[in-house]
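Student: Please pick one small part of this model and look at it closely. Then work outward from it to the rest, in one connected account.

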Amino acid sequence: MIKKLVLSKQSYSQLGIVLFGSVFGLLLMMLSIQLYMDIKEAIDKKKETIGSHFLVLSKPVTILNTLSNTPSVFSSEELEVIRTIPGIEKIAAFKSNAFKAKAGFALGGNMMYSDMFFEAVPEDFLEVEPGKWNWQNGRSVPMILPSEYLNLYNSGFAPVQNLPQISKNAAKVSGLKIQVSGNGGNEEFEAEIVAFTDRINSILVPESFIDYANGKYAETKKEGSSRVVLMSKDPSNEKLMKLIEDNGYETNMELLKSGKMSLVLNVILGLVLGIGSVVVLMAILGFIQYSQLLINKSTYEIRTLLQLGYKVKTVFVKYLSFYTVVMLLVFVFAGIGLMLIRSTLTDYLNEKGLELPGSVHFLVFAVSLFTIVLFLVINAIGTYRSIRKLAMPA
Amino acid sequence: MDIAFKKVIPDPLKDSLTEATFWGADYLFEKGSTYLVNAPSGKGKSTLVSYIYGLRKDYSGVVQFDGIDVSGFSSDQWADHRSLNLSMMFQDLRLFDELTAIENIKLKADLNSQFNLSEIETLAEELGVAFLLNKKVKLMSMGQQQRIAFIRCLVQPFNWLLLDEPYSHLDDANVAIMEQIIARYCKKYEAGLILTNLGKNLNMTFQHTVSV
């Protein structure tokens, strides 16, 4: 009955506006923190795939290469020039196959063979589980494929050919075979995909496999390589950039781009966080005004209750419990909003080939809970003071 | 509990007060005695009970409960006095219009667990307002509201019953009934009575008359 008396003078339209503002502000805050964490994790994960500071350089292909059928390769002088740039830790040329190769996939019950090429880089440029990347004759050949290949198959090839789509995990366990031929002999190997990468646009196998097969089945000996991979403390260092530009080397700028992209994203998310915080702050102010208004409208009820002998605490608790329920509602609604937006976003980004980590970050809850408690404390102090003022003799 | 007024002068009367009557003098309200406060309008009858009940403190001088200055009381101390020690019927009644009569009364009774519904119903019967108990206060006449407010101030234990013009909207028959009930309850609690009156004929005899 006391609750009914002191909370009866609500203005539901005003309460609704204040509630909407709080939910909106809190949601913006939660979302910006969550997305910041998501993107940070996604970028960290990407970096881990092939290490943090790797860059692949390719020689430019000209019409001359096409006409003469001689690939343009890095000379040892060129490699030496790159190696002397400060900050470059190591550099290695790609090894490629000089034998004929076909890979067979089990698709819809049939084996489907396709001509293939393979390349290898030293193991210390890759971050794969130790042991998985060793190949000895008699064991299955581990492979790393570009994520793009699977995307191409799933979104382009499979629907048109009426073939089933394959997830990354399914691809890793499906039976693969590699046929190698040349020099009048041939041999078949079991193979397995151990990882997908966005970094190196090639089909990677262990060096030991390339060496073994090249030695046995290569008909001509290949000189040089058209691609090198390098490890640098700072891939965006100026000297390296100038060298790449001067020689017209092509590079996967992804790492550089993603570095810049994450900077831009951080700025945008910082902005969203800022706006969210301002909206939350305004919502808190709005709530304080609303609760003052509510108390002002209920002055007669509160004063009379106190004059009948009710304690300030008794009346105050009614308000506090009301605000607690309201703020929990705000928290729940903002939380639901966050989940909805995030799952939509995750689906969208998955379609685009970017995987977000699964869960809502702990920090999001911590910050929003802190905000809510802050609101409650600020509002509680104001409310308590107003009620006590009504209790004292005039 | 004795209530002492020591040279109390209300701020609004400070300039117009030429000689000390009640205001500006010392006066003791003795435990268990009955006091009739008589005065024309505007001389501070309601002010007197407001000071005792802790509603106002716009005065110079000292008000004491058993020798303790009330100006230092906290809001919780006042709350305790108002639920156990002092019971007041306000001149403007201060009922909740949107609540029913019984809800208004229960709001007061809930402060102490010793009052039951049958006691409230008996009082309502005596005062002829039993049929109104479940009606909203805003639908009642002033005389009916006055009797509801009167019942409300009886559903708690008290040392002092403070009635501020309790009969203003009542006829003589109802005044007589109310006087009987007042006498009964003051006896029950061995309580003192301070009643302010504006020109009503009263049957009850008071031990003291205070002129302000």
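**From one strand pair outward**

Tutor: In strand β10(A), Ser232(A) is the residue that stands opposite Ile88(A). The model is a predicted one, and its scores are ipTM 0.94 and pTM 0.67. The two strands concerned, β2(A) and β10 (residues 227-232) of chain A, run antiparallel and are joined by 5 bridges. They belong to an open sheet of 4 strands in chain A, ordered β2-β10-β1-β11, with antiparallel pairing. At its edges are β2 (88-93) and β11 (250-251) of chain A, each of which pairs on one side only. Helix α4 (residues 76-83) of chain A lies across β2 and β10 of chain A, and runs at about 160° to β2(A).

Next, the sheets of chain B. Its 212 residues include 38% that are buried, and the chain has 6 helices and 9 strands. The mean pLDDT of chain B is 92, with 100% of its residues at 70 or more. Among contacts in chain B with a separation of 6 or more, 78% are between residues 24 or more positions apart.

An open sheet of 5 strands in chain B follows the order β6-β7-β8-β3-β9, and here the pairing is parallel. Because β6 (86-89) and β9 (208-211) of chain B stand at the edges with a single partner strand each, one side of each has no neighbour in the sheet. From one strand to the next, the twist averages 15°. Helix α1 (residues 45-53) of chain B packs on this sheet and touches β3 (34-38), β6, β7 and β8 (192-197) of chain B. The direction of α1(B) makes about 145° with that of β7(B). At one edge of the sheet, β6(B) runs parallel to β7 (residues 160-164) of chain B, and 4 bridges join the two. Within this pair, Leu86(B) has Trp160(B) of β7(B) opposite.

Antiparallel pairing occurs in chain B as well. Strand β1 (residues 3-10) of chain B is joined to β4 (residues 59-65) of chain B by 6 bridges, and the two run antiparallel. Ile9(B) stands opposite Ser60(B) in β4(B). Strand β4(B) also runs antiparallel to β5 (residues 68-69) of chain B, to which 2 bridges join it. Phe65(B) has Ile68(B) in β5(B) as its bridge partner. Together, β4(B) and β5(B) make a hairpin with 2 residues between them, and in its turn Asp66(B) has a positive phi of about 50°.

A helix of chain B deserves the next look. In α4 (residues 117-127) of chain B, the buried residues are Ile120(B), Leu123(B), Ala124(B) and Leu127(B). Seen down the axis of α4(B), these residues fall within an arc of 100°, so they line one face of the helix. This spacing fits a general rule: an α-helix has 3.6 residues a turn, so residues three or four places apart point the same way. The face of α4(B) turned away from the buried side carries the exposed residues Ser118(B), Thr122(B) and Glu125(B). The packing partners of the buried residues of α4(B) are α3 (101-109), α5 (142-152) and α6 (172-189) of chain B. After α4(B) comes Gly128(B), whose phi is positive, near 70°.

The nonpolar cores bring both chains into view. The largest core has 97 residues, and those with the most contacts inside it are Met30(A), Leu306(A), Ile151(B), Leu162(B) and Ile194(B). Helix α2 (residues 12-50) of chain A gives the most to this core, 12 residues. Apart from this core lies another, of 39 residues, including Met143(A), Ala195(A), Val205(A) and Val229(A). Leaving out residues up to four places away in sequence, Leu306(A) touches Val312(A), Val315(A), Leu390(A), Ala391(A) and Ala79(B).

That leaves the contact between the chains. It takes 16 residues from chain A and 15 residues from chain B. On the side of chain A that touches chain B, the elements giving two or more residues are α10 (299-308) and α12 (362-391) of chain A. The largest share of that side, 5 residues, comes from α10(A).

Notes: Residues are numbered from 1 along each chain as its sequence is written. Chains are lettered from A and ligands numbered from 1 in the order in which they are written. This is a predicted model: local features need pLDDT of at least 70, side-chain atom pairs count only at pLDDT 80 or more; totals for chains, interfaces and linings use all residues. Two strands pair if DSSP finds at least two bridges between them. Axes are lines fitted to C-alpha atoms, for helices over the stretch in contact, and angles run from 0 to 180 degrees between N-to-C directions. Two residues are in contact if their C-beta atoms, placed from the backbone, lie within 7 Å. A residue is buried if 20 or more other C-beta atoms lie within 10 Å of its own, exposed if 12 or fewer, and partly exposed in between; C-beta atoms are placed from the backbone. The arc is that of the directions from the helix axis to the C-beta atoms. pLDDT is the predictor's confidence in each residue, from 0 to 100. A nonpolar core is a set of buried Ala, Val, Leu, Ile, Met, Phe, Trp, Tyr and Cys residues joined through C-beta atoms within 7 Å.
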